[in-house]
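Visitor: I've got a model open and a few questions about it. Can you walk me through it?

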Amino acid sequence: MASPKQTVQNILAELPTLLAVAVVETETGMPLASHANIADFDIETAAAYNTEVVKAKLKAIQALKLNQTVQDILLTLTDQLHLLKLSSDGSMFVYLAVNSRDTNLAQARQILKANSGLN
């Protein structure tokens, strides 16, 4: 398993046009490692709010008594894709933001799957 910093570097190497990437601790919402290509992109705020999205989905699955695990969560914005890929135990997730003109969904998912190091 790669370290959070190595995970960020691996994803950045394969997707240099990304807007932002972070490995986030699910319990606290704090980024363990991150990178943004946009100066005013607030990774800590994004990590905190995306943690709430992850927690809400995990609670919904539990409330519905679904025998399922979350693999990823997709948020489609006007011209951006935001992907949240959870670790197998749910303790961390990778947050990836890309411009939908530069990166398609299949490409973003494949890069996360290959480089997240979280499985």
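Guide: Sure, and one bit of vocabulary before we start: Ala, Val, Leu, Ile, Met, Phe, Trp, Tyr, Cys and Pro count as nonpolar, Asp, Glu, Lys and Arg as charged, and the others, Gly among them, as polar. Also keep in mind that this is a predicted model.

Visitor: Okay, so how do the residues lining the largest pocket divide up?

Guide: The lining has 5 nonpolar, 6 polar and 5 charged residues.

Visitor: And how much space lies in that pocket?

Guide: About 280 Å³ for the largest pocket.

Visitor: Which residues lie nearest its centre?

Guide: Those are V70, Q71, D72, K85 and L86, out of 16 lining residues. As for secondary structure, β4 and α3 each supply at least two residues of the lining.

Visitor: Let's stay with D72. Where is D72 found?

Guide: D72 is in strand β3. With a relative accessible area of 27%, D72 counts as partly exposed.

Visitor: What is D72 in contact with, leaving aside neighbours within four places in sequence?

Guide: L83, L84, K85 and R109. With R109 there's a polar contact, side chain to side chain, at 2.9 Å. The D72 and R109 side chains also meet in a salt bridge, 2.9 Å from N to O.

Visitor: Why does that pair tie together separate parts of the chain?

Guide: D72 lies in strand β3 (residues 72-76) and R109 in helix α3 (residues 105-115), so the salt bridge joins parts that are 37 residues apart in sequence. R109 is partly exposed as well, with a relative accessible area of 34%.

Visitor: What lets side chains like that pair up in general?

Guide: Side chains of opposite charge can pair when their charged atoms come close.

Visitor: How many salt bridges does a search of the whole structure find?

Guide: The search finds 2. Besides D72 with R109, there's one where the side chains of R101 and D79 meet, at 3.5 Å from N to O. R101 is in the loop between β5 (92-99) and α3, while D79 is in the loop between β3 and β4 (80-86), so to speak a link between distant parts of the chain, 22 residues apart.

Visitor: Is R101 buried or exposed?

Guide: R101 counts as exposed, at 64% relative accessibility. Its partner D79 counts as partly exposed, at 30%.

Visitor: Changing topic: where does T26 lie?

Guide: T26 lies in the loop between β1 (20-25) and β2 (31-36). T26 is buried, with a relative accessible area of 6%.

Visitor: What does T26 touch, not counting residues up to four places away in sequence?

Guide: T51, V54, K55, G90, S91, M92 and F93. With M92 there's something more specific: the T26 side chain reaches the backbone nitrogen of M92 at 3.4 Å.

Visitor: One more threonine, T45. Which helix does T45 lie in?

Guide: T45 is in helix α2, which covers residues 43-63. At 37% relative accessibility, T45 counts as partly exposed.

Visitor: What does the side chain of T45 make a polar contact with?

Guide: The side chain of D42, at 2.6 Å.

Visitor: And how far is T45 from M30, C-alpha to C-alpha?

Guide: Their C-alpha atoms are separated by 9.1 Å, with the two residues 15 apart along the chain. For D72 and D40, 32 residues apart along the chain, the C-alpha separation is 26 Å.

Technical notes: Residues numbered from 1 in each chain as written. Predicted model: local features only at pLDDT ≥ 70, side-chain atom pairs only at ≥ 80, totals over all residues. Heavy atoms only, no water. Salt bridge = Lys/Arg side-chain N within 4 Å of Asp/Glu carboxyl O. Helix = DSSP H or I, 4+ residues; strand = E, 2+ residues; numbered from the N terminus. Buried < 20%, exposed > 50% of the residue type's maximum accessible area, 1.4 Å probe, protein only. Contact = heavy atoms within 4.5 Å. Polar contact = N/O pair within 3.5 Å; in protein donor to acceptor, adjacent residues only side chain to side chain. 1 Å grid on protein atoms, 1.4 Å probe; cavity = no way out; pocket = protein on both sides within 12 Å on 5 of 7 lines; lining within 4 Å. Points joined across faces, edges and corners; volume = space filled by probe spheres on them.
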